[in-house]
Structures are given as C-alpha cells and as structure tokens.
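Here are my notes on this one, as numbered points. Have the model open while you read.

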Amino acid sequence: MIRNAEINQQFQLLAETDYKVFNEKLIPTNYEIRGIRMPALKKLAKELSREPEIETYLENAEFTTYEHVLLYGLVLGNLNKFRLETVFRYMDPLILRFDHWAHVDTLTSAFRVFKKYPEEVLEHFLPLKNDEGEFTKRFFVILLMCHYMDEKYIDRTLQQLSEVPQGQYYVDMAIAWTLSVGLVKFYDKTLSYLEQKTFSKFVHNKAIRKARESYRITPEIKELLNGMKIK
C-alpha cells in the first residue's frame, strides 16, 4: 500500500534547499515548496503508477505542498490503462487545487490519455472556459494548446480561444501564448483572428511579441506582425 508517510519520507530525501529558495522566488503559490526537481518527481510518479493499489493513493493523497499536487498529477498522467471516466473523476478535483501557472503548465501536457479521446476530453472540459477561476480557465487554454493545436482542430481551437473571457492576467498570457503557437503552426488561420482584432489589446500585442521571438517565423513575417500591434 502506498502511504502518505512514505511519500513524505521520499520528499525529505529529494528536497534541495537551494532549489526550494529558487522556486519560492519564481512560483507564486500558497502551497509550501519543498524544492524537489522535476526529473525526481517524474521518476517517483512513474514508480508509484506501477503499484497495484494506486487508486488507494489517488483516493487518500495528501496535498500540503506544491510537490504533492505535482506528484498526484504526474501519477495520474501515467495511468494510460485507466478508463477515461476514472481519469476525469480524479482530475476534476485536482484542477481546483491549482493556484498558479506552474501546476497548470506542467501537468496539462502530462495527460497522454487525452490524445486518445480528443472529442470526449474537449466536451468534458468545455465548461471550464467560463469558470470564474483564473487557473481553471488557464487550464482550458493550455489544454487547447497542448492537445488541439493540429490540422484537425485548429479552427475549433481558435474559435474556443476567442470565446474565453479575458481580463485575468494568467488567462490572458495563456491565450497570447497559444495564439503565438498558432502563428507559427497555422499562420493564415491565426492571422485572420488578429486582423479582426478579436482579442484585447493586451492579448493581441503579447501574442505578436511572443510570435516575433520565435526562430520559426521569418524576418518578413515578423516585420508584418510588428506593424499589426494595437497602439
């Protein structure tokens, strides 16, 4: 059986004081930070996910630190043989525990099972688009970027992005980031939304700025984008 006490012992062994101080400056979270590097957390998550009684852990996990939340999400992301409904059952409460960008951005891409059921996943998380929580909405946006930025879904992704309520900093930054990826991968389609000034001045200009930082965009297009900034 996986016990919280044993996990905490592992955390104590893996924690690094210097890394803790570094993360405390970088990550604005209300959780205590232990200072455990991501490779170590991923390794521990992989080991835990192989345990036959893994659902006992998922049902009784502790969430007292930044790393506890990360570990839980990483474990859940490794469980590709779980039914999608089971993943949702554990994932939905976890999303409500996110209180900063690092949890969202690190864990959203970790759920490889989402690639197997794109329609079901999108339908399930669609209500988060209008959720009041800043980081629940950011999760929805990063979900689009990580799992729906492809030929099949790009039109729906851009439409969904345009419908996400703006005005919260970490949501707006996520939309801008996703749009910048769109400009790299699907320039014409994404450009159309910018030409229509679909997004706020902040999101619009941030998307252009981030796109212009990409080495995958030509100098000519960067110059064109620069001329599209809203003043």
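1. Is threonine 190 buried or exposed? Threonine 190 is buried, at a relative accessible area of 0% (buried is under 20% relative accessible area, exposed is over 50%, partly exposed is in between, with a 1.4 Å probe and protein chains only). The residue sits in helix α12, which covers residues 187-195 (helices are DSSP runs of H or I with at least four residues, strands are runs of E with at least two, and both are numbered from the N terminus). Leaving aside residues up to four places away in sequence, threonine 190 touches Leu158, Leu179, Gly182 and Leu183 (a contact means heavy atoms within 4.5 Å).

2. Some ground rules before going on. This is a predicted model, where local features need pLDDT of at least 70 and side-chain atom pairs count only at pLDDT 80 or more, while totals for chains, interfaces and linings use all residues. Residues are numbered from 1 along each chain as its sequence is written, and side-chain values use heavy atoms, with hydrogens and water left out.

3. Now the fold. The chain has 14 helices and 0 strands, so reading from the N terminus you get α-α-α-α-α-α-α-α-α-α-α-α-α-α.

4. On overall dimensions, the radius of gyration is 19 Å, which agrees with the value near 17 Å for a compact globule of 231 residues (it is taken over C-alpha atoms, and the globule rule is 2.2 Å times the number of residues to the power 0.38). The C-alpha trace spans about 60 × 40 × 30 Å along its principal axes.

5. On packing, 49% of the 231 residues count as buried. Take the contacts with a separation of 6 or more: 72% of them join residues 24 or more positions apart.

6. The chain exposes about 12000 Å², with carbon and sulfur atoms supplying 49% of that area (areas come from the Shrake-Rupley method with a 1.4 Å probe; for residues, only the protein chains shown count as cover).

7. For charges, there are 33 positive and 32 negative side chains, and the centres of the two sets lie 5 Å apart. Lys and Arg count as positive and Asp and Glu as negative, with His and the chain ends not counted; each charge is placed at NZ of Lys, CZ of Arg, CG of Asp or CD of Glu.

8. The structure holds 9 salt bridges (a side-chain nitrogen of Lys or Arg within 4 Å of a carboxyl oxygen of Asp or Glu). One of them pairs lysine 20 with glutamate 24, at 2.9 Å from N to O. Both lie in helix α2 (residues 17-26), and being 4 residues apart they are separated by about one helical turn. Lysine 20 is partly exposed at 24%, and glutamate 24 is partly exposed at 43%.

9. Which helices does the arginine 89 and glutamate 55 pair tie together? Their side chains meet in a salt bridge at 3.4 Å, N to O. Arginine 89 is in helix α6 (residues 84-95) and glutamate 55 in helix α4 (residues 54-60), so the pair ties together parts 34 residues apart in sequence. Arginine 89 is partly exposed at 46%, as is glutamate 55 at 29%.

10. Last, look at glutamate 163 and lysine 129, a salt bridge whose closest N and O atoms are 2.6 Å apart. Glutamate 163 belongs to helix α10 (residues 154-163) and lysine 129 to the loop between α8 (118-125) and α9 (134-147), so this pair links distant parts of the chain, 34 residues apart. Glutamate 163 is partly exposed at 34%, whereas lysine 129 counts as buried at 9% relative accessibility.
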